[in-house]
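Q: Please take a close look at one part of this model, the nonpolar patch on its surface, and then set that part in the context of the whole chain.

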Amino acid sequence: PEQRDIARNLTGIIKLLTTDCGYSSLKGKVVMDVGCGTGLVTGPLCAAVSSTEEEGQPGCVIATEISTG
């Protein structure tokens with residue numbers, strides 16, 4: 001299992017990006033995951049931005065990593 005601190009606080013990270021930044025939701029938003037590494041946060045971000053057709057515009061996560069190792 002993942003042992004990094006970030007893995008233990010994924011819910012807190014998503015909360016920080018939503019309510020703590022003044023949004024009620026990330027649904028339909030475009031979010032960039034800069035320095036995404038192994039993509040640990042990318043999956044939860046995708047879940048947070050996705051929306052149904054009835055909810056409106058689908059969200060998008062753009063993830064990038066420049067490290068080769």
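A: Met32 has its place in strand β1, where helices (H or I, at least four residues) and strands (E, at least two) are DSSP runs numbered from the N terminus. The model is a predicted one, in which local features need pLDDT of at least 70, side-chain atom pairs count only at pLDDT 80 or more, and totals for chains, interfaces and linings use all residues. Residues are numbered from 1 along each chain as its sequence is written, and side-chain values use heavy atoms, with hydrogens and water left out.

Together with Val30, Val34 and Ile62, Met32 makes a nonpolar surface patch of about 400 Å². Patches are made of residues with over 30% relative accessible area and no salt bridge, like charges being joined within 9 Å and nonpolar side chains (Val, Leu, Ile, Met, Phe, Trp, Tyr) within 5 Å. Accessible areas come from the Shrake-Rupley method with a 1.4 Å probe, and for residues only the protein chains shown count as cover. Strand β1, residues 30-34, supplies the largest share of this patch, namely 3 residues.

The patch belongs to a protein with 3 helices and 2 strands, arranged along the sequence in the pattern α-α-β-α-β. The C-alpha trace spans about 40 × 25 × 20 Å along its principal axes. The accessible surface of the protein amounts to about 4900 Å², and carbon and sulfur atoms account for 57% of that area. Of the 69 residues, 19% count as buried; buried means under 20% relative accessible area, exposed means over 50%, and partly exposed lies in between (1.4 Å probe, protein chains only). Among contacts with a separation of 6 or more, 55% link residues 24 or more positions apart, a contact being heavy atoms within 4.5 Å.

Ahead of strand β1, Thr18 is placed in the loop that joins α2 (10-17) to β1. Thr18 counts as buried because its relative accessibility is 11%. Leaving aside residues up to four places away in sequence, Thr18 touches Tyr23, Ser25 and Leu26. Cys46 lies 28 residues from Thr18 along the chain, and the C-alpha atoms of the two are separated by 13 Å.

Charged groups add to the picture. The structure holds 2 salt bridges, each defined as a side-chain nitrogen of Lys or Arg within 4 Å of a carboxyl oxygen of Asp or Glu. Side chains of opposite charge can pair when their charged atoms come close. In one salt bridge, the side chains of Arg8 and Asp5 meet at 2.4 Å, N to O. Arg8 and Asp5 are separated by about one helical turn, because they stand 3 residues apart in helix α1 (residues 5-8). Arg8 is exposed, with 53% relative accessible area, and Asp5 is likewise exposed, at 60%.

Another salt bridge joins Lys15 to Asp20, whose closest N and O atoms are 2.9 Å apart. Lys15 is partly exposed at 43% relative accessible area, and Asp20 is partly exposed at 46%. Over the protein, the mean positions of the 5 positive and 8 negative charges are 6 Å apart. Here Lys and Arg count as positive and Asp and Glu as negative, without His and the chain ends, and a charge is placed at NZ of Lys, CZ of Arg, CG of Asp or CD of Glu.

Further along the chain, Gly56 lies in the loop between α3 (42-49) and β2. With a relative accessible area of 32%, Gly56 is partly exposed. Gly56 and Lys15, 41 residues apart in sequence, are 21 Å apart in space, C-alpha to C-alpha. Ile66 is found in the segment after β2 (60-64) and is exposed, with a relative accessible area of 84%. From Ile66 to Val49 the C-alpha distance is 24 Å, at 17 residues apart in sequence.
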